[in-house]
Amino acid sequence: MPSGPDAPAYAPLNQAQGRVYFAGDYLGCLDAWQHGAISSARKTVTELHARVLAS
């Protein structure tokens, strides 16, 4: 089973709500760890980058 912000259990929490994106260690299975925060932030920045390139 995948972990981190790509885990299926966290999918609803990690989807953008319009123009609002969330990132943080609490959005994955590695809460309270820097790795969880970095993984979540990287995923969010990648999504924002793709959105900007598509516009």
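**Entry: the salt bridge**

I started with the charged side chains of this predicted model. Lys43 pairs with Glu47 in a salt bridge. I read 2.4 Å between their closest N and O atoms. Then I counted salt bridges across the structure and found one. Side chains of opposite charge can pair when their charged atoms come close.

Where do Lys43 and Glu47 sit relative to each other in helix H1? They are four residues apart there, so about one helical turn separates them.

I also looked up the cover on Glu47. Its relative accessibility is 26%. Glu47 counts as partly exposed because that value falls between the 20% and 50% cut-offs.

**Entry: the cavities**

Next I searched for enclosed space. Rolling a probe the size of a water molecule over the atoms shows where empty space is left. I found two cavities of 30 Å³ or more. The largest cavity holds about 50 Å³ of space. Eleven residues line the largest cavity.

Which residues of the lining are closest to the centre of the largest cavity? I noted Asn14, Phe22, Lys43, Thr44 and Glu47. Both partners of the salt bridge, Lys43 and Glu47, are therefore on that list.

I sorted the lining by type as well. Five of its residues are nonpolar, four are polar and two are charged.

**Entry: Phe22 and the surface patch**

Phe22 came up in the cavity lining, and I followed it outward. Phe22 lies in the segment before H1. Is Phe22 buried, partly exposed or exposed? With a relative accessible area of 44%, Phe22 is partly exposed.

On the surface, Phe22 joins Val20 and Tyr26 in a nonpolar patch. Together the three residues of the patch have about 310 Å² of accessible area.

**Entry: contacts between the segment and H1**

I then checked C-alpha distances from the segment before the helix to H1 itself. Gln15 is in the segment before helix H1, which spans 34-54. I paired Gln15 with Glu47. They are 32 residues apart in sequence, and their C-alpha atoms are 9.5 Å apart in space. Gln15 is partly exposed, at 48% relative accessible area.

Leu48 is in helix H1. I paired Leu48 with Ala16. This pair is also 32 residues apart in sequence, with 9.4 Å from C-alpha to C-alpha. Leu48 has a relative accessible area of 36%, so it is partly exposed.

Gln34 is in helix H1 too. How far is the C-alpha atom of Gln34 from that of Gly24? I got 9.1 Å for this pair, ten residues apart along the chain. Gln34 is exposed, because its relative accessible area of 67% is over the 50% cut-off.

**Entry: a buried alanine**

Last, I looked at Ala7, in the segment before H1. Is Ala7 buried or exposed? Ala7 is buried, because its relative accessible area of 3% is under the 20% cut-off.

I chose Cys29 as the partner for a distance check. Ala7 and Cys29 are 22 residues apart in sequence. Their C-alpha atoms are 8.2 Å apart in space.

Technical notes
Residues are numbered from 1 along each chain as its sequence is written. This is a predicted model: local features need pLDDT of at least 70, side-chain atom pairs count only at pLDDT 80 or more; totals for chains, interfaces and linings use all residues. Side-chain values use heavy atoms; hydrogens and water are left out. On a 1 Å grid over the protein atoms alone, a cavity is a set of points where a 1.4 Å probe fits but cannot get out, and a pocket is an open set with protein on both sides within 12 Å along at least five of seven lines; lining residues have an atom within 4 Å of a point. Grid points are joined across faces, edges and corners, and a volume is the space filled by probe spheres set on the points. Ala, Val, Leu, Ile, Met, Phe, Trp, Tyr, Cys and Pro count as nonpolar, Asp, Glu, Lys and Arg as charged, and the others, Gly among them, as polar. Helices (H or I, at least four residues) and strands (E, at least two) are DSSP runs, numbered from the N terminus. Buried means under 20% relative accessible area, exposed over 50%, partly exposed in between (1.4 Å probe, protein chains only). Patches are made of residues with over 30% relative accessible area and no salt bridge: like charges are joined within 9 Å, nonpolar side chains (Val, Leu, Ile, Met, Phe, Trp, Tyr) within 5 Å. Accessible areas come from the Shrake-Rupley method with a 1.4 Å probe; for residues, only the protein chains shown count as cover. A salt bridge is a side-chain nitrogen of Lys or Arg within 4 Å of a carboxyl oxygen of Asp or Glu.
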